[in-house]
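Please open the model in your viewer and keep the selection panel at hand. The tour moves from one selection to the next and says what is to be found at each stop.

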Amino acid sequence: MAEPGDLVFEALADGTRRQILSLLAERGECTASEISDAITSVGRTTVSSHLRVLRMANFVRERRDGRFRYYSLIRQPADEMVDFLRGLYQGSLADLRNTAERQSSVDLSEATDWAQSS
């Protein structure tokens with residue numbers, strides 16, 4: 001069984017699902033038909049399958065009203081993913097900054113030595 005965090009990355013791995021999320025972010029709540037009409041690269045059944053995956057990953061909320069299903073974006077999983085990625089790269093960025101600062105001080109020292117010897 002996949003962990004909840006894995007579902008988030010799996011959901012974002014597909015271009016059609018990213019299109020659906022972008023559409024919901026732009027338009028707000030949409031019916032399944034409105035989403036299908038906007039995503040022309042795949043059929044309605046495929047859009048429904050993608051919506052199910054997005055619901056399972058907790059990216060979208062489904063609201064039923066009569067025979068219509070309305071979908072809206074839940075931003076929390078994306079925020080959590082961004083925080084996770086930021087944590088991964090924060091240390092790397094600090095290491096890169098320290099390396100650049102050390103290299104800069106070495107270059108400055110060499111330049112000073114060269115200027116004094118000339």
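The stops below cover confidence, the sheet, the helices packed on it, and the salt bridges.

**Before selecting anything**

This is a predicted model, in which local features need pLDDT of at least 70 and side-chain atom pairs count only at pLDDT 80 or more, while totals for chains, interfaces and linings use all residues. Residues are numbered from 1 along each chain as its sequence is written, and side-chain values use heavy atoms, with hydrogens and water left out.

Colour the chain by pLDDT, which is the predictor's confidence in each residue, from 0 to 100. The protein chain averages 84, and 84% of the residues score at least 70. Confidence is highest in S1, at a mean of 96, and lowest in H5, at 72. Where pLDDT is low, the predicted coordinates should not be read in detail.

**Stop 1: the sheet**

Select residues 30-31, 60-65 and 68-73, which are strands S1, S2 and S3. Helices (H or I, at least four residues) and strands (E, at least two) are DSSP runs, numbered from the N terminus, and two strands pair if DSSP finds at least two bridges between them. The 3 strands form an open sheet in the order S1-S3-S2, with antiparallel pairing. S1 and S2 are the edge strands, each of them pairing on one side only.

Zoom in on S2 and S3, which pair in the antiparallel sense over 6 bridges. Going along S2, the partner of Arg61 in S3 is Ser72, that of Arg63 is Tyr70, and Asp65 stands opposite Phe68. The two strands form a hairpin with 2 residues between them, and Gly66 in the turn has a positive phi of about 65 degrees. Then turn to S1 and S3, whose antiparallel pairing runs over 2 bridges; here Cys30 stands opposite Tyr71 in S3.

**Stop 2: the helices on the sheet**

Which strands does helix H2 touch? Add residues 15-27 to the selection: H2 packs on the sheet and touches S1, S2 and S3, where contact means heavy atoms within 4.5 Å. The direction of H2 makes about 85 degrees with that of S3; axes are lines fitted to C-alpha atoms, for helices over the stretch in contact, and angles run from 0 to 180 degrees between N-to-C directions. Next add helix H4 (residues 44-56), which also packs on the sheet, touching S2 and S3, and whose direction makes about 115 degrees with that of S2.

**Stop 3: the salt bridges**

Show the charged side chains; the structure holds 6 salt bridges, each being a side-chain nitrogen of Lys or Arg within 4 Å of a carboxyl oxygen of Asp or Glu. For the accessibilities that follow, buried means under 20% relative accessible area, exposed over 50%, and partly exposed in between (1.4 Å probe, protein chains only).

Select Arg63 and Glu29, whose closest N and O atoms are 2.8 Å apart in a salt bridge. Arg63 lies in strand S2 and Glu29 in the loop between H2 and S1, so the pair ties together parts that are 34 residues apart in sequence. Arg63 is partly exposed at 37% relative accessibility, and Glu29 is partly exposed at 38%.

Move on to Arg44 and Asp37, a salt bridge with its closest N and O atoms 2.9 Å apart. Arg44 is partly exposed, with a relative accessible area of 46%, whereas Asp37, at 51%, is exposed.

In helix H5 (residues 76-117), select Asp83 and Arg86, which are 3 residues apart and therefore separated by about one helical turn. Their salt bridge brings the closest N and O atoms to 3.0 Å. Asp83 is partly exposed at 46%, and Arg86 is partly exposed at 47%.

Finally, select Arg55, Glu62, Arg64 and Arg69, which are linked in a network of salt bridges. To place Glu62 against helix H4, add Arg52, which is found in that helix and is partly exposed at 42%. Arg52 and Glu62 are 10 residues apart in sequence and 9.5 Å apart in space, C-alpha to C-alpha.
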